Each structure stands twice: as C-alpha cells, then as structure tokens.
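Trainee: Could we go through this structure together, taking the backbone before the helices and the side chains?

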Amino acid sequence: MGHLSANPMGPNPAGERPLGRDPKSKGHRWLWIVALAILIAVGFWYFRGSRTSTEAQGPGAPAGTGKGQGRQGAGAGGFVVPVVVATAQRGDLPVYFNGLGTVTAFNTVTVRSRVDGQITKINFQEGQFVREGQDLLDIDSRPYQVQLEQAEGQLAKDQAQLRDVQVNYERYQLLYKEGVIPKQQVDTQGAQVGQFEGSIKGDQGAIDSAKLQIVYSHVTAPISGRIGLRLVDVGNIVHAADTTGLLVITQLQPIAVIFSLPQDQLPQVASRLQKGEQLVVDAYDRDDTSKIESGKLLTIDNQIDTSTGTYKLKAVFNNDKNLLFPNQFVNVHLLADVKKNLVIVPASAIQRGPQGTYVYVVENGNTAKIQTVTLAQSTANNVGLSAGLNSGDTVVVDGQDKLQDGSKVSPSTGTPSAPNGPNANGAQQPSSQPANTQGNTGARRRSQAQQEGSSAGKSQ
C-alpha cells in the first residue's frame, strides 16, 4: 500500500485523489459549462432581437410578416407574388369521347379488263381525279369488230333463207286447202320457218356480244375518285382472268373513319343514335392538336371486341379539301353531350389538396384566397364547375406554387417570368422578387449562432 501514498512533495493523506480519476476531467467540465453559457447567451440575444423587430413593425403589419410562412416563404415580409389570372365565365361545356381511328376509303375499286387484248392507249395520269364513266384506257378492239361483221353476215344469210321458207310455207298452205298436197308437207315447211327464225335470234345475239366486247375494250371509271399508280403500260397483253388489275380508284369524297371507344360509353352513344340525332365527329391529326375535318357519326358496329373491351364506330366526312387520306391515323373526338350552365375556368387553375379541389381567387386588394370548388366536367383545357365560383370571379392560372391563403399578388393576363429561371439564352435570370430584409437578417443571425456553436464544439 506504500505506492498509493507516494508523493514527491511529501506524504499528504488528506489531499490524495481517488483511484481511477482523470486529472483533466475538471478542466473538461469547465469547458462544457462555458460552451453551454455561450449557447444560452446567443439564443437570448437572437430571441430578443426578433421580438424587438416584431414590435417595431407595429400592430398594423400584415399577418405572417417576417415569419417565412407558406410554401418557400411566399408572401412573407410584404412580398407580392406575380401571377397570371383568368376570369371565370358561365356557359356550356361540350363532352367529348376520344378514340383512335383510321381513315378508310368509302369505296375502293380495282379496275380489271373484261376482255383479252393488247393495251393501245392510256387516257389517265397517276394520281388524277376522275369522274364516273370517264374513259381510262383502250384495248385493241379489232378482233371483236371482225366478230361483229361475221355475225352480221350470218344474220343477213339467215334472214334471206327465212324469207324463202316463209314464201314456200304460204304456197303449201294454199295447195293443202285445194287438196293437192298432204298436211304433213305443210307442217314440215312450217318447222323450217321456225328454225330460221331461231337462227336469226342467235345471229342477233352474236352481234350484241361482239358489240359488248367492243364496249369493254374501252375501259371507263366505275366510280368517281382518285387513281393510284397504274399497274400496266401501253403494249401489255391483258386477259379477263388476270387478278392484278389495271389500276385502283379510291373514293375520297366522301370518306369514312373507323374508330373505337370503350364499351362503357356505348349506351350513351347508342341511345342518341336511336333517337335519330346526328352526332358530330371531329378528326384531329396524330398529335391531337390540329383539327382536320368535321363529320357525323354514321353507324355503330354490331358487336363488342371482347379482347379489348371496345366497340367500333364509323363516321363519314365530306373531305372537300382532301385533307383525309385512306389508312391515315387520326384522333377522333365524338361530341357525346353538352353540359349546360356551368362556370368554366382553365384547367390549370384547379389545385388539389387535403381539402379537395380548390382554386385561388383574387379578391379586392389583390389578395389570394383559397376557394373550394366542385368539378362537374373536365376537358383538355377547360373545367366546368357546378359550385364554388361565380361568373366573373378572377382565378389564378399560373404561379400557385408561390401562394398561400391571404398572399398579396400582382395579377396579369400574360405569362410571368419564372424567378431565378433560365432565359432564352440559357443564362440564369435574376429574381424579380424584392429582397426580404428582415428574413435575410434572421437568416444571418441563425447562421452566426450555428457557426459559434460549431466553433465551441470544435474547441472541446
């Protein structure tokens, strides 16, 4: 135990330190006490400065000034938010059913030869619009002209023989009455008359057939439409049994569009068709931005596609400007109904939150107020409201992310420049928001307190 009381200054049992105690623990304890006192002093100084600034503003200061309330501190310290506004209007909102469709030719005809022969002349150009009955091409008709002449010669021969047997038949009848010849000879002569009469009818049929072949040698347009690329050239030999055809004519005026809609929308469309109503159909381009043509619904298919749960519809368009082309892809908007007497606002004005759907209404004094609304019908760009707004109310359509209930706004009808956003050249634009002096001062104070606390921690 002697080593426990060893002391170079001499034995001092009363001043000995307990076993295991760090000789520097007392110094560390004082450092912690000093750091805590500094933090308490800084906090008291910050709280007192904030209170003094608030009292200096007076009781007439706007609510929320200097508190940085709202999203990103918007509207704090008298900050005016630039927003884009629009006026709510009362009116009718159309209800459209949208589907994907394909333009289909109302009639498509592949023109084929009905006779055999060589093509001697082509009377059309590729892509030309032709009328029904217009001459398209000619096939060599000389073989059929020869057949016609032969048939006419045979007819003349049979007609001469018929006259001869008819004269003999009349003589035999007189001789029979006088009792010179028997009845059988008279009947035989009468049968010869009938035979030649039949031959004459056959000759007439051969003549008509030859004339028809000559007509078929001049190919005409069976319908009005646009000719595609020709499939044969002058000098080619064509046959009536050929399957490729000579050319294709497509009717473009009118033209049809076949599109599909979900089966849930079938009852509403079918009920209006059964009442004899004409439903308007609009065809839009592939991007669904530009309207191409307006038409009317023609009919509905007789069954639903079970694999997709959709049904097909057919609409007809006049296509006066030839803007629709067969097999073209289009977006179809079917006007199914019109909602009457709604308050209409732009779709961008609608906001959604825990309280449901709402809009920011700009009241007198350019103050934004949250107003809960009830949606009745939505379209691509407009929304119809059944409750919550009146016609003539001003709503915010752009800049809502900077607003809270009661914020001051600077309304305009143009698009405001985004704060701290890139300009057209890609450079960063300076913020159009005024500086919040009090908020910046508080931020500096908090930063200083954090730095001092951090320095105190490091010194430990």
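Mentor: A residue counts as exposed when its relative accessible area is over 50%, and as buried when that area is under 20%. Please keep in mind that this is a predicted model.

Trainee: With those cut-offs, is N327 buried or exposed?

Mentor: N327 is placed in the loop between β14 and β15, and its phi is positive, about 70°, although the residue is not a glycine. Its relative accessibility is 68%, and because the cut-off for the upper class is over 50%, N327 counts as exposed.

Trainee: And N319, which also has a positive phi without being a glycine, is it buried or exposed?

Mentor: N319 lies in the loop between β14 (310–317) and β15 (329–346), with phi near 55°. Its relative accessible area is 0%, and since anything under 20% falls in the lower class, N319 is buried.

Trainee: Which peptide bond is cis, the one from Q253 to P254 being my candidate, and what is its omega?

Mentor: Most peptide bonds are trans, so a cis one deserves a remark. P254 is found in the loop between β10 (247–250) and β11 (255–262). The bond that leads from Q253 into P254 is cis, and its omega is near -5°.

Trainee: How are helix α2 and helix α3 oriented to each other?

Mentor: Two packed helices are described by the angle and the distance between their axes. For α2 (residues 142–178) and α3 (residues 183–216), the axes come within 8 Å and cross at roughly 165°. Because angles over 145 degrees fall in that class, α2 is roughly antiparallel to α3.

Trainee: What is the handedness of the crossing, and how do the contact residues divide?

Mentor: Where α2 passes α3, the crossing is left-handed. The residues of this contact divide into 17 nonpolar, 15 polar and 6 charged.

Trainee: How many aromatic pairs are there, and what is the geometry?

Mentor: A search of the whole structure finds 1 aromatic pair. It is formed by Y358 and Y360, with 5.8 Å centre to centre and 80° between the planes. Both Y358 and Y360 are buried, and the geometry of their pair is edge-to-face.

Trainee: Which ring lies under the charged end of K183, and which under K314?

Mentor: The charged end of K183 is 5.4 Å from the centre of the ring it sits over, which belongs to Y176. K314, at 5.2 Å from the ring centre, lies over the face of F106.

Terms used
Residues numbered from 1 in each chain as written. Heavy atoms only, no water. Helix = DSSP H or I, 4+ residues; strand = E, 2+ residues; numbered from the N terminus. Buried < 20%, exposed > 50% of the residue type's maximum accessible area, 1.4 Å probe, protein only. Axes fitted to C-alpha atoms, helices over the stretch in contact; angles between N-to-C directions. Parallel < 35°, antiparallel > 145°, perpendicular 65-115°, else oblique. Left-handed = near helix turned anticlockwise from the far one by under 90°. Nonpolar A, V, L, I, M, F, W, Y, C, P; charged D, E, K, R; others polar. Phe/Tyr/Trp six-rings, centres within 6.5 Å; stacked < 30°, edge-to-face > 60°. Lys NZ or Arg CZ within 6 Å of the ring centre and 35° of its normal.
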